[in-house]
Amino acid sequence: MKVRPPLPGPFRTVSDAMDAAALRHGDRDAYVDGDRRCSFAQWIAAADGLAAELVDRGVRPGDVVALHLPSTIDYAIAYAAVVRAGGVASGINQRLGPREVAAILDRAPPVLAITDQPPALTPAGSSAPIPLMGLDELALASTRAGLGSARPARAPSDPVVIIWTSGTTGVPKGAWFDHANLEAAVASAGVMSAPYDRRLVATPFPHAGYMAKLWEQLAWGSCTVVSPTPWTADGMLRSMVDERITVAGGVPTQWAKLLEHPELAAADLSSLRLGLVATAPASPELIERVTDALRCPLVVRYAMTESPSITGTDPGDAPAVLYRTVGRPQAGIEVALVDEAGVEVPAGTVGRVRVRGSCVMRGYWGAPELTAEVLSPDGWLTSSDLGRFDPAGNLVLVGRAGDMYIRGGYNVYPLEVENVLAEHPGVAHVAVIGVPAPVIGEIGVAFVVASDPSAPPTLAALGAWIGERLADYKAPGELRLVDGLPLTAMLKVDKVALGSAHRLGERPVPPASPARG
């Protein structure tokens, strides 16, 4: 039987759902951030006070307010306050560089920015300065009386949030969503949400995984527990035990490190009902080991900034399904695969992933020409992701259109090669890019982090490994052993940086400890 959320609605807007959540969930935890805790009633009350201050500072319905803050309770209060004031929240990841931030400010000029790093949001040249609000001002404003009946009225089709892409293929693009979009996340949540879940979250708050799920949190009464930073296996385990976590997400490396923790076997994880594999595929062996150790199933989710819900696996799926696929379409989502002309491809054939559903963005903010390139009049979003359906209807991703390279006339999809190389015992992490080569056109370069740096795999060994599992032309033509792979602000492998490092003959810069943002 399908479980209904404790706050099913109907409501017209996110603010209406907030009112109901403050009453229904009351003293239940909404956020845990280290030593700080915030109940639903406290969260909404603080947001009301800040919303009144925003209106006094000139924020009007439809105005953009930039949030340039770490992933903390303060961010959550600021986000809710912008919504209560009728504004449009534009989350800016603090790991983005000056050029990326400048591009965001140019594409969606804010009437106000809430930040703990004022110099980072000071426009260059002759641009008018952006009015700023600091954390001290936020804290003070959060204690004042709220707007009450003076809160601006909004409609389900009014914009509420702008979520920025990572900008790996150019300047960031701002996918915007209205109230109805955010409501749709409640229905598409599936097994990811249960009443009063307690979720351990390491995703930066400006990410779609948080900002597009605001209504979902209100409806299910779920508590967001911010993962300690910098991340450690000990910090993850302590949080899971102390906060009685029910849903925990992690990348394969984090799950692998957690398995090595000496106290894992004795830890009380009886509250945990689900684990999420994020960012990169985990090998079937790792999935089985984690499932046995946690005594709960793992699932995989596939989404993108422009459509925060697309496909997912089910708790009963085999480890091979979790490793090789991203599951089936979620509730209310249609997925199709098309060729470059937009024609649906035959079953089992690789095509571009198209998505349609009520979770799909309304467009790119201030960029109708970019919107028209990816969003059809009948609501189909065409992505750059390439995939095929397996016989069971699971979507198998093979790469991105821009990543594919052609070796000797044959198409090679890097993600497919990466997934196979990741199963090699000598490979801890891997990324593959295509580079120009004489005669043959292009070859694959495998950037590999060795499981044992003292005995790294050889190019011949990896070629033989690929040859036993895939067509031999898919084997990499060059091997680069590295200490780590560079990451984007959204913690995905930065292939643009890998390509630049290869052209310049440099070593790619490995990731720093993840920042809170």
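Two strands are taken to pair if DSSP finds at least two bridges between them. Helices (H or I, at least four residues) and strands (E, at least two) are themselves DSSP runs, numbered from the N terminus. The model looked at here is predicted, so local features need pLDDT of at least 70 and side-chain atom pairs count only at pLDDT 80 or more, while totals for chains, interfaces and linings use all residues. Residues are numbered from 1 along each chain as its sequence is written, and side-chain values use heavy atoms, with hydrogens and water left out.

Overall, the protein holds 16 helices and 25 strands. For 517 residues, a compact globule would come out with a radius of gyration near 24 Å, and the 23 Å found for the protein agrees with that; the radius is taken over C-alpha atoms, and the globule rule is 2.2 Å times the number of residues to the power 0.38. Along the principal axes, the C-alpha atoms fill a box of roughly 70 × 60 × 45 Å. Some 54% of the 517 residues count as buried, meaning under 20% relative accessible area, with exposed set at over 50% and partly exposed in between (1.4 Å probe, protein chains only). About 21,500 Å² is exposed, and carbon and sulfur atoms supply 55% of it; these areas come from the Shrake-Rupley method with a 1.4 Å probe, only the protein chains shown counting as cover for residues. Of the contacts (heavy atoms within 4.5 Å) with a separation of 6 or more, 67% come from residues 24 or more positions apart.

Now for the sheets. One is an open sheet of nine strands in the order β2-β1-β10-β9-β11-β12-β13-β14-β15, with mixed pairing. Its edge strands, β2 (36–39) and β15 (328–329), each pair on one side only. Helix α2 (residues 40–56) packs on this sheet, touching β1 (29–33) and β2, and its direction makes about 85° with that of β2; axes are lines fitted to C-alpha atoms, for helices over the stretch in contact, and angles run from 0 to 180 degrees between N-to-C directions. Further along, β12 (residues 274–277) runs parallel to β13 (residues 298–304), joined by three bridges, and Val277 has Val300 as its bridge partner in β13.

Another open sheet has four strands in the order β16-β17-β19-β20, with antiparallel pairing. Here β16 (333–338) and β20 (395–400) stand at the edges with a single partner strand each, so one side of each lacks a neighbour in the sheet. From one strand to the next, the twist averages 50°. Six bridges link β16 to β17 (residues 351–357), and Val335 sits opposite Val355 in β17. Although β16 is an edge strand, five of its six residues are buried, so the rest of the structure largely encloses it. At the other end, five bridges join β19 (residues 381–389) to β20, with Asp385 opposite Arg400.

Two buried residues round out the picture. Ala219, in helix α8 (residues 214–220), counts as buried because its relative accessibility is 1%. Leaving out residues up to four places away in sequence, Ala219 touches Pro5, Pro6, Leu7, His25 and Val186. Ser193 lies in the loop between α6 (179–188) and β9 (198–201) and is also buried, at 6% relative accessibility. With the same sequence neighbours left out, Ser193 touches Arg199, Glu216, Trp220 and Arg273. The side chains of Ser193 and Arg199 make a polar contact at 2.2 Å, that is, a pair of N or O atoms within 3.5 Å; within protein, one must be able to donate a hydrogen and the other to accept it, and residues adjacent in sequence count only if both atoms are side-chain atoms.
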